[in-house]
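Me: I'm new to this one, so could you walk me through it with a few questions and answers?

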Amino acid sequence: MSFLVKFSIVIFLFIGLIESKQIPKLFLNYEFNKDLDYSPNNSNKSIEISKLTGINNQIVNNLFEEAINSVLIEGSSNRFWNLFSDLLPKGLNFQDSNITRHTRQSNQNFINVSPLKVQALVQLTSQSSPEARAIDATSTIGLSVSANLAKKLQGKNFDFNPVDALAGLKASNEFCPFKTNVNCNPNDRFQTFDGSCNNLQQPWLGKTNTPYKRYHEPAYDDKLNSPRSSSVLGGELPNPRVISRIIMSDNSEFDQVVSHITAFFGQFLAHDITSVAVSTDNSGRIVDCPCNSGNPSCMSVIFPSNDNALRMSCMRFTRSSAAFSTFDCRLGHREQLNLLTSFIDGTQIYGPSASRSRELRSFQGGQLRSSPSVVNNRQNLPQAQDGSCRGTNEQVKCFAGGEGRVNENLALTGMHTLFLREHNRIATELSRINPRWDDERLFSEARKIVVGILQHIVYHEWLPLIVGWNTAAMFDLVPLNDQRYYNGYNPNINPSLSGEFASAAFRFGHTLIRSQIKKFDGNGRETSAPLSIFDIIFRPAEAYNPNNGGIDSLVLGLLNEAASKYDANVADALQNRLFEVRLGDGSVIAVDLAATNINRGRDHGIPSYNSIREKCGIKKATSFQDLTDTIRPEKVSLLANAYKHVDDIDLYPGGLSETPVNGGVVGPTFACIIANQFRDLKKGDRFYYENGPSPTAFSLDQLNEIKKASISKTVCNNFDINMIQPNGFMQPLSSLNNGKISCNWLPNMDLSKWREQL
Ligand code: HEM
């Protein structure tokens, strides 16, 4: 059967099963606001401020000098000057730096660990970098200068808030950590590892260690820096842990359509594009935040005394580090910093810097380093030297990948393993087709192909399922289905991630995780009892267990089982037992992921659910009752139990409570944020795989081959399996027109299209 026939069958089956998805919906169609944007640069008001008060950039500079001197006098100069004496005089060299994770060795059996080790567990997923520390140091001074000016202007009779005018004033180059002069070669066929030069006009856009953008004005209590804490009716906002217990407890049902791998592919994708820098102390470690710490970098959540699900009095929480919101260091609100490139460019596979990528390569035949798998001579990720996993010993070790969170759970590690194998498979094939290519060429071409495959799977298979085909089409997210290049690249689009996306909407995946994961062999049979998700968090042992299929059977299990339903509920292992440590006195230290997400939103000044809903084009609610247009009544009641006023609802629980959009997983507000973000990631990426013709593009023949890729075929190529469902992100059910077929029926990429004509 020709490729086209097979391809049409798959598309036909796929559309059929999307249409047959019978989930009750509140919406049939929705007209979202397609152009969410917020720009802090409000120079008209600033010109007015300068005229009215005489405040200008010279005065700002003097305030910076004063602030730095006061830091010096207070004796905590290390924080600033240590970083700057190293970094600033030479210019910040951000091209080649590593992200560091600051963890300590954890106890193997995990019982009776010391408080120091407790701290390490809570911080296992927190990351920072030397650049983030330098940026935090200057930006924190920028915030104090902003606060100082705002105080001076307070009480003056302006017809606008003085803080809104600060964005017209900026720190001079001396105090601005972004040195944006980079020489780019527009003809480089391969993108940089740190994302610089993707945009030739603004080479830092989307790069590692740059600020998030926003789709909506920030919601800090003081408009600058203080987390949102007050109800619109006065008094405090409800405690994040209380909200989590009321709205997000674990009593989830399973989704009727979506498979569990959809969630972990989502997490894998999240780790390609976002990792927020967390505050560090003078020694470069993530700030430790015991209960009631007075450290301004701490925002720990005090637990109510009647909270008996966990024997702990507070949840440690470190604020994300500060950043200027613009590259020219305008004054104004606290922004956060993304340690990763925002582009979908395989950072989690290849690392965020050239130096990290070198550590991951074997320098032979274009291969990535690997370690032997316990099953069938397949490859696993290379082992890591650090000991931040549990249950490790001489043989059982953490794995290493392009991204520090690779061991966070073993299903995620499985996603990394899948793409490592795909890279090495493609490099091997290319070396057969082009025997003259050296290691460098093989590695770079294989990386380019893998990133193309990744982007194709995201835009063709995964995203339309998450936001629904209507929304995907409305936002021009669906890849072209004929042999043409896409010509929508627009260098004026900012590809950076938005705070609303990274701090709330894209965390939707936390509700799709079920508490147990089944293990399946390649013949579709369960190999052993299911694993508890709790037992695979930072615990790689199962990957080394030859008896029931190692990590392979875990990945195959994800394809065979349903995801948990999108319904605001979070598995107990994530809500009450994440990173759990039992102390000698019987008390417990753990993280509530749902409460953390709510707290993180407040830390980042993320506006309320109701404001974002309105920004997205959905009617602003004036009462809880009004929410029933997007949220079922029983969920509205839960929100009304938790919050005093509809305007108080945090974006994360509000968005998660919504009923999914037609044919999608998420509700309308998250669909709007996610679609806006992926539109920016597509149109703002010069290396987007469908772009061309240009020296950086695939040939049309090659592009046609990339478009044959699918998650199912990638699994077929790299795991011992013969039969699989055509769309791996849906369950293998004939009632969904997605019953298993032979792997051979799925289109095969022909890599001979990469043969170099000599
Ligand atoms: C067992 C599964 C998972 C665990 C244990 C987990 C755990 C975590 C933790 C601890 C954080 C940091 C929270 C904070 O301090 O603010 C986080 C952040 C995040 N998670 Fe998950 N997660 C899981 C699955 C997922 C999935 C399935 C998705 C998406 C489909 C996802 C998307 C995100 C995003 C976007 C962030 C923010 C990352 C950043 O910008 O730094 N996670 N997760």
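Me: In the hairpin that β11 and β12 form, which turn residue has a positive phi?

Reply: In this predicted model, strands β11 (residues 578-582) and β12 (residues 588-591) pair in the antiparallel sense, over three bridges. Leu578 stands opposite Val591 in β12. Five residues sit between the two strands of the hairpin, and the turn residue with a positive phi, about 90°, is Gly586.

Me: Where else does phi turn positive, and is Ala568 buried or exposed?

Reply: As background, most residues other than glycine have a negative phi. Ala568 goes against that with a positive phi of about 75°, although it is not a glycine. Ala568 lies in the loop between β10 (562-564) and α17. Because 26 C-beta neighbours lie inside 10 Å, and 20 or more is the cut-off, Ala568 counts as buried.

Me: And Asp476, what class of exposure does that residue get?

Reply: Asp476 is a residue other than glycine with a positive phi, near 60°. Asp476 lies in the loop between α14 and α15. With 14 C-beta neighbours inside 10 Å, a count between the limits of 12 and 20, Asp476 is partly exposed.

Me: Staying in that loop, is Asn487 buried or exposed?

Reply: Asn487 lies in the loop between α14 (469-474) and α15 (499-503). Its C-alpha atom is separated by 7.1 Å from that of Gly692, and the two residues are 205 residues apart along the chain. Only a count of 12 or fewer earns the label here, and since Asn487 has 11 other C-beta atoms within 10 Å, Asn487 is exposed.

Me: Gly692 came up there; what kind of peptide bond runs from Gly692 to Pro693?

Reply: Most peptide bonds are trans. Pro693 lies in the loop between α22 (668-683) and α23 (700-706). The bond from Gly692 to Pro693 has omega near -5°, and that makes it cis.

Me: Which residues does Asn494 touch, leaving out those up to four places away in sequence?

Reply: Asn494 lies in the loop between α14 and α15. With 17 C-beta neighbours inside 10 Å, Asn494 counts as partly exposed. Asn494 and Asn199 are 295 residues apart in sequence, yet 9.2 Å apart in space, C-alpha to C-alpha. With that sequence limit in place, the residues Asn494 touches are Leu205, Lys213, Asp680 and Gly684.

Me: Which element gives the most to the shell around the ligand?

Reply: The ligand is surrounded by 24 residues, and the closest are Gly266, Gln267, Thr274, Gly509 and Arg600. They split into 12 nonpolar, nine polar and three charged. Two helices, α9 (261-273) and α18 (593-603), each supply at least two residues of the shell. The one that gives the most, with four residues, is α9.

Me: UniProt lists His510 for "binding site"; is His510 buried or exposed?

Reply: The UniProt listing comes from an unreviewed entry. His510 lies in the loop between α15 and β8 (516-520). Leaving out residues up to four places away in sequence, His510 touches Val570, Leu574, Leu593, Ala594 and Asn597. With 24 C-beta neighbours inside 10 Å, where 20 or more is enough, His510 is buried.

Me: How many residues of helix α8 are buried?

Reply: Helix α8 covers residues 240-247 and is mostly covered. Its buried residues pack against β3 (301-302), β4 (314-315), α17 (572-575), α18, α20 (633-642) and α21 (651-657). The buried ones are Pro240, Arg241, Ile243, Ser244, Arg245 and Ile247. Out of eight residues in α8, the buried count is six.

Me: Which helix makes up the largest share of the largest nonpolar core?

Reply: In soluble globular proteins, nonpolar side chains tend to be buried together. The largest nonpolar core here has 193 residues, and Val666 and Ile674 touch the most other members. The largest share of this core, 16 residues, comes from helix α13.

Me: What percentage of the residues of the protein count as buried?

Reply: The secondary structure comes to 24 helices and 14 strands. Among contacts with a separation of 6 or more, 75% join residues 24 or more positions apart. Of the protein's 758 residues, the share that counts as buried is 56%.

How values were computed:
Residues numbered from 1 in each chain as written. Predicted model: local features only at pLDDT ≥ 70, side-chain atom pairs only at ≥ 80, totals over all residues. Near = placed C-beta within 6 Å. Nonpolar A, V, L, I, M, F, W, Y, C, P; charged D, E, K, R; others polar. UniProt positions renumbered as here; feature names shortened; annotations may be inferred. Contact = placed C-beta atoms within 7 Å. Pairing = 2+ DSSP bridges. Core = buried A, V, L, I, M, F, W, Y, C linked by C-beta atoms within 7 Å.
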